[in-house]
Amino acid sequence: MKAFVHERYGPPETLRMAEVDKPVPNADEVLVKVLAVSVNAADWHVLRGRPLFSRATLGLRRPKHQILGVDVAGQVEALGGDVTRFKPGDEVYANLLDHGFGGFAEYVSAPGDVMAAKPATLSFEEAAAVPMAAVTALQGLGHHGDIQPGQQVLVNGATGGVGSFAVQLAKASGAEVTAVTSTRNLELVRSLGADHVVDYTTTDFVAGGRRYDRILDTVGNRSVRDLRRALAEGGKAAVTGFTSVRRLLGVSLRGGKDVAQVQAHVTAKELELLSELIQAGKVRPQIDRRYPFAELPAAIAYLEQGHARAKVVAEVA
Ligand SMILES: NC(=O)c1ccc[n+]([C@@H]2O[C@H](COP(=O)([O-])OP(=O)(O)OC[C@H]3O[C@@H](n4cnc5c(N)ncnc54)[C@H](OP(=O)(O)O)[C@@H]3O)[C@@H](O)[C@H]2O)c1
């Protein structure tokens, strides 16, 4: 099969298309014919081996994971002996972050418990856009307990992969949502359901008068002190992104019960919940750009610039 192989740390163009062995599923695994993938910040972080300390787990001298890619959608090709939830031909979507990556390939084998039936209303490309970003939004918003109707929720980075889902999920919970983005994306976040918009190029959401019960910071460009200033009494913030190691450490060291760093873990349970919300028309993935599989490095390079309007996908078939 064809796959992009990751042999050394570096920029997206270091990925090389190669012919590799098709994986064989273990007893608990499902072999998926990949029809679409989406790209995520995790892909370019792992590709570059950045931040440097991450190489302690990713491989000190060279990458441990030969094939990157965490979000896939496709068709079940074969099943390990213990898998009873799926059958060949089923349409599925999955996230491979906690299972060794491997999505940037024509086939991938992954445990059945990180995949779910693809929502019938979505194309494969739309389905591939969902897992990492939407589950991060779901777990970030839910980290301090379920969002309650009427709560004031602020999403920083509201037009990114994570943010575009977070705005819709917070609205689906009945919250009053404030979305922080730049001028060119104000209409986009309104179309996702935001009640209030803050243009970060002209206005600092911390300096404004409004205070929030919950903040989801998908960008990770604010200090813990700033986030606390923007919280209402008893309010809580979850940070899913980071713009520097200093910011990441800041949340770990100075955060606490009210401001917490959140790392998402995708399981079939979250994907099934998202499928329900998608089928009910409450959440819809937004696609910024579509690339052919051969141009995947260009897709990652575009995402890495940090200004994608929601998700970037590639068609594999
Ligand atoms: N913890 C986890 O489990 C987890 C999972 C997924 C992602 N992440 C992390 O979360 C972060 C976001 O991921 P993503 O997939 O949403 O990234 P993304 O799609 O690349 O986010 C890009 C978006 O960020 C917005 N943005 C850039 N600078 C901003 C600023 N100063 N204020 C407000 N918005 C700004 C951009 O809007 P403009 O174009 O308008 O600037 C763009 O829409 C990354 O750091 C990623 O590593 C963490």
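Begin by selecting helices α4 and α9 (residues 268-279) in this predicted model, whose axes come within 10 Å of one another and cross at roughly 90°. Angles of 65 to 115 degrees count as roughly perpendicular, and α4 and α9 are therefore described as roughly perpendicular to each other. To see what fills the crossing, show the side chains of Pro131, Ala134, Val135, Leu138 and Gln139 in α4, which meet Glu270, Leu271, Leu273 and Leu274 in α9. Coloured by residue class, the residues of this contact divide into seven nonpolar, one polar and one charged.

Keep α4 on display and turn to the ligand. Select the residues around the ligand, of which there are 28, the closest being Ser182, Tyr200, Ala264, His307 and Ala308. By class, the residues of this shell divide into 10 nonpolar, 17 polar and one charged.

Three polar approaches to the ligand can be picked out with the distance tool. At Val262, choose the backbone, where a polar atom is 2.8 Å from a nitrogen atom of the ligand. At Gln263, choose the side chain instead, since a polar atom there lies 3.2 Å from an oxygen atom of the ligand. At Arg184, a polar side-chain atom likewise lies 3.3 Å from an oxygen atom of the ligand. If you now add a surface, bear in mind that the ligand on its own has 920 Å² of accessible area, and that the protein covers 88% of this. The elements that give two or more residues to the shell are α1 (41-48), α4 (131-142) and α5 (161-172), and so α4, already on display from the crossing with α9, appears here again.

From α1, move into the loop between α1 and α2 (55-58), which is the place of Pro51. Show the backbone here, and look at the peptide bond from Arg50 to Pro51, which is cis, with omega near -5°.

A second backbone feature is found at Phe101, in the loop between β5 (91-95) and β6 (107-111). Phe101 is not a glycine, yet has a positive phi of about 60°.

The last stop is Pro25, which sits in the loop between β2 (16-19) and β3 (29-38). Select Ser109 together with Pro25, and compare sequence with space: the two are 84 residues apart along the chain, but 5.4 Å apart from C-alpha to C-alpha. Leaving aside neighbours within four places in sequence, the residues in contact with Pro25 are Val30, Leu31, Leu79, Gly80 and Ser109.

Key
Residues are numbered from 1 along each chain as its sequence is written. This is a predicted model: local features need pLDDT of at least 70, side-chain atom pairs count only at pLDDT 80 or more; totals for chains, interfaces and linings use all residues. Side-chain values use heavy atoms; hydrogens and water are left out. A residue is near a molecule or strand if one of its heavy atoms lies within 4 Å of it. A polar contact is a pair of N or O atoms within 3.5 Å; within protein, one must be able to donate a hydrogen and the other to accept it, and residues adjacent in sequence count only if both atoms are side-chain atoms. Accessible areas come from the Shrake-Rupley method with a 1.4 Å probe; for residues, only the protein chains shown count as cover. Helices (H or I, at least four residues) and strands (E, at least two) are DSSP runs, numbered from the N terminus. Ala, Val, Leu, Ile, Met, Phe, Trp, Tyr, Cys and Pro count as nonpolar, Asp, Glu, Lys and Arg as charged, and the others, Gly among them, as polar. Axes are lines fitted to C-alpha atoms, for helices over the stretch in contact, and angles run from 0 to 180 degrees between N-to-C directions. Angles under 35 degrees count as roughly parallel, over 145 as roughly antiparallel, 65 to 115 as roughly perpendicular and the rest as oblique. Contact means heavy atoms within 4.5 Å.
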